[in-house]
Amino acid sequence: MTTTRRPSRPDRPSPITGLAARPPTGPHTATGTEPATTPGVAGVLARMRTLAATLPAEDGVAVFNGVYLAVTEAVAHRLGDGGFQDPAAAGELDLRFARRYFDAVDATAAGRRPPACWRPLFQLRRHPGVRPLQFALAGINAHIGHDLALAVLDTCRALECEPAALEADFERVGALLTSLEERIREQLMPGPDVLDVADPLTHLIGSWSLDKARDGAWVAARALWSVRRLPEVAEELTERLDAGVGLVGRMLLTPLPG
């Protein structure tokens, strides 16, 4: 099994940390011809667009959903134009990854507790002291820091493969996220993107790294896969991963002065 590490890119800003103060102002819709992709991914896009059309723009979950929709649309186009080594496996991973987000949305809507990693976002989604960029970061932290590792395991079980079989396309998605930096920036911050060095938000966005979160997710997936036949150990690791990511999310959503 390969243990390749994604190289850090200190000279490249995260696709998220350059985002700022405002959520998308309306629902997202596909532009141009819908990509030729799997029915599962098409269903993911449809569900995200429904959420985008029904959630108030200022809702913290809507902010995250807008970012996630932009990424998923790009992944769908890449699936359609042969941009992945194994399109079927990449599509399966995309579907199982998105399902964990939808499960959190559905649990909250039904009055149930979502996983700990998602609770800060759903609890503080309408807090007036939390800025849209914080909502985006908290959602991405929950989804990548916790859900991505478990989605890799879900996909490996479904396809009866090792995590290493997914690594090349896992890397391609990471490169795609970086390439989407400007698009995401425009969605959340149409205007000057330079934050004052004294702004507390500057410190928050510098405290979280997309690359490091993805590195952590990959390591967690490999660790969980290696103990999959030790259910008590796997359960404890999963619970601690969930709690740790939730703690980071809570800090990212610290209310800030206006």
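**Entry 1. Contacts and overall fold**

I began with contact separation in this predicted model. Of the contacts in the protein with a separation of 6 or more, 81% are between residues 24 or more positions apart. I then listed the secondary structure and found ten helices and zero strands. Read from the N terminus, the order of elements is α-α-α-α-α-α-α-α-α-α.

**Entry 2. Burial and surface**

I looked up how much of the chain is buried: the figure is 52% of the 258 residues. The accessible surface of the protein amounts to about 12,000 Å². I noted that carbon and sulfur atoms hold 57% of that surface.

**Entry 3. Thr 72**

I turned to a single position, Thr 72, which is found in helix α2, residues 60–80. Is Thr 72 buried or exposed? Its relative accessible area is 1%. I record Thr 72 as buried because this 1% falls under the 20% cut-off. Which residues does Thr 72 contact, once its neighbours within four places in sequence are left aside? I found Val 44, Leu 45, Met 48 and Asp 94.

**Entry 4. Ala 42**

I next located Ala 42 in helix α1, which covers residues 39–54. Its relative accessibility is 37%. I enter Ala 42 as partly exposed, because 37% lies between the cut-offs of 20% and 50%. I also checked Ala 42 against Leu 95: the two are 53 residues apart in sequence. In space, their C-alpha atoms are 9.3 Å apart.

**Entry 5. Helix α3**

I examined helix α3, which runs over residues 87–109 and has 23 residues. From its first C-alpha to its last, α3 reaches 33 Å. I compared this span with the value expected at 1.5 Å a residue, and it is close to that 33 Å. After α3 comes Gly 111, and I noted that its phi is positive, near 80°.

**Entry 6. The largest cavity**

I searched for enclosed space and found one cavity of 30 Å³ or more. The volume of the largest cavity is about 370 Å³. I counted 22 residues in its lining. Which of them lie nearest the centre of the largest cavity? They are Tyr 68, Val 71, Phe 97, Val 173 and Leu 177.

I then assigned the lining to helices. At least two residues of the lining of the largest cavity come from each of α2, α3, α5, α6 (167–179) and α9 (210–226). Helix α2 contributes the largest share, six residues. By class, I recorded 17 nonpolar, two polar and three charged residues in this lining.

**Entry 7. The second largest pocket**

I finally inspected the second largest pocket, with a volume of about 170 Å³. Its lining includes Asn 141, Gly 145, Leu 204, Ser 207, Trp 208 and Ser 209. I also listed Ala 213, Gly 244, Val 245, Val 248, Met 251 and Leu 252 among the residues that line this pocket.

Which helix gives the most to this lining? I found that α10 does, with five residues. Helices α5 (132–159) and α10 (231–252) each supply at least two residues of the lining. How many charged residues does the lining of the second largest pocket have? I found no charged residues there; the lining has seven nonpolar and five polar residues.

Key: Residues are numbered from 1 along each chain as its sequence is written. This is a predicted model: local features need pLDDT of at least 70, side-chain atom pairs count only at pLDDT 80 or more; totals for chains, interfaces and linings use all residues. Side-chain values use heavy atoms; hydrogens and water are left out. Helices (H or I, at least four residues) and strands (E, at least two) are DSSP runs, numbered from the N terminus. Buried means under 20% relative accessible area, exposed over 50%, partly exposed in between (1.4 Å probe, protein chains only). Contact means heavy atoms within 4.5 Å. The expected span of a helix is 1.5 Å times one less than its number of residues. On a 1 Å grid over the protein atoms alone, a cavity is a set of points where a 1.4 Å probe fits but cannot get out, and a pocket is an open set with protein on both sides within 12 Å along at least five of seven lines; lining residues have an atom within 4 Å of a point. Grid points are joined across faces, edges and corners, and a volume is the space filled by probe spheres set on the points. Ala, Val, Leu, Ile, Met, Phe, Trp, Tyr, Cys and Pro count as nonpolar, Asp, Glu, Lys and Arg as charged, and the others, Gly among them, as polar. Accessible areas come from the Shrake-Rupley method with a 1.4 Å probe; for residues, only the protein chains shown count as cover.
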